[in-house]
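Let's take a friendly look at the cysteines of one small set of contacts. Have the sequence and the 3D view open as you read.

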Amino acid sequence: MTYRGMGRRGGMGPGGECVCPQCGYTVQHQAGTPCNTMKCPKCGIPLVRR
Ligand SMILES: [Zn+2]
């Protein structure tokens, strides 16, 4: 479990965000729900942690 702050500040909260690597769809990360278990509603592919 690696978390790197990539210099981005001003996030939506401590939970971070999940983003679609294809279209950029972003949703707030929910505790207990890994990003890769959620899918982009547009692309149908797993989201990734940002
Ligand atoms: Zn997408």
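Both Cys18 and Cys35 are buried, a word used for residues under 20% relative accessible area, while exposed means over 50% and partly exposed lies in between (1.4 Å probe, protein chains only). The model is predicted, so local features need pLDDT of at least 70 and side-chain atom pairs count only at pLDDT 80 or more, whereas totals for chains, interfaces and linings use all residues. Residues are numbered from 1 along each chain as its sequence is written, and side-chain values use heavy atoms, with hydrogens and water left out.

Cys18 and Cys35 are joined by a disulfide, S to S 1.9 Å (a pair of cysteine sulfur atoms within 2.5 Å counts as one). Cys18 sits in strand S1 (residues 17-19) and Cys35 in the loop between strand S2 (26-28) and strand S3 (48-49), so the link ties together parts 17 residues apart in sequence. Strands here are DSSP runs (E, at least two residues), numbered from the N terminus. The link is left-handed, with -70° about the S-S bond.

Now for the metal. Which residues coordinate the zinc ion? Cys20, Cys23, Cys40 and Cys43 do, each through SG, at 2.3 to 2.4 Å. Donors are N, O and S atoms within 2.8 Å of the metal (3.2 Å for Na, K and Ca). The site is tetrahedral, with angles of 106 to 113° among its four donor atoms; the term asks that all angles lie between 85 and 135 degrees. The donor spacing in sequence is C-x2-C-x16-C-x2-C.

| Donor | Relative accessible area | State |
|---|---|---|
| Cys20 | 2% | buried |
| Cys23 | 38% | partly exposed |
| Cys40 | 2% | buried |
| Cys43 | 27% | partly exposed |

Terms used. Tetrahedral: all angles 85-135°; square planar, octahedral: opposite > 155°, others 65-115°. Helix = DSSP H or I, 4+ residues; strand = E, 2+ residues; numbered from the N terminus.
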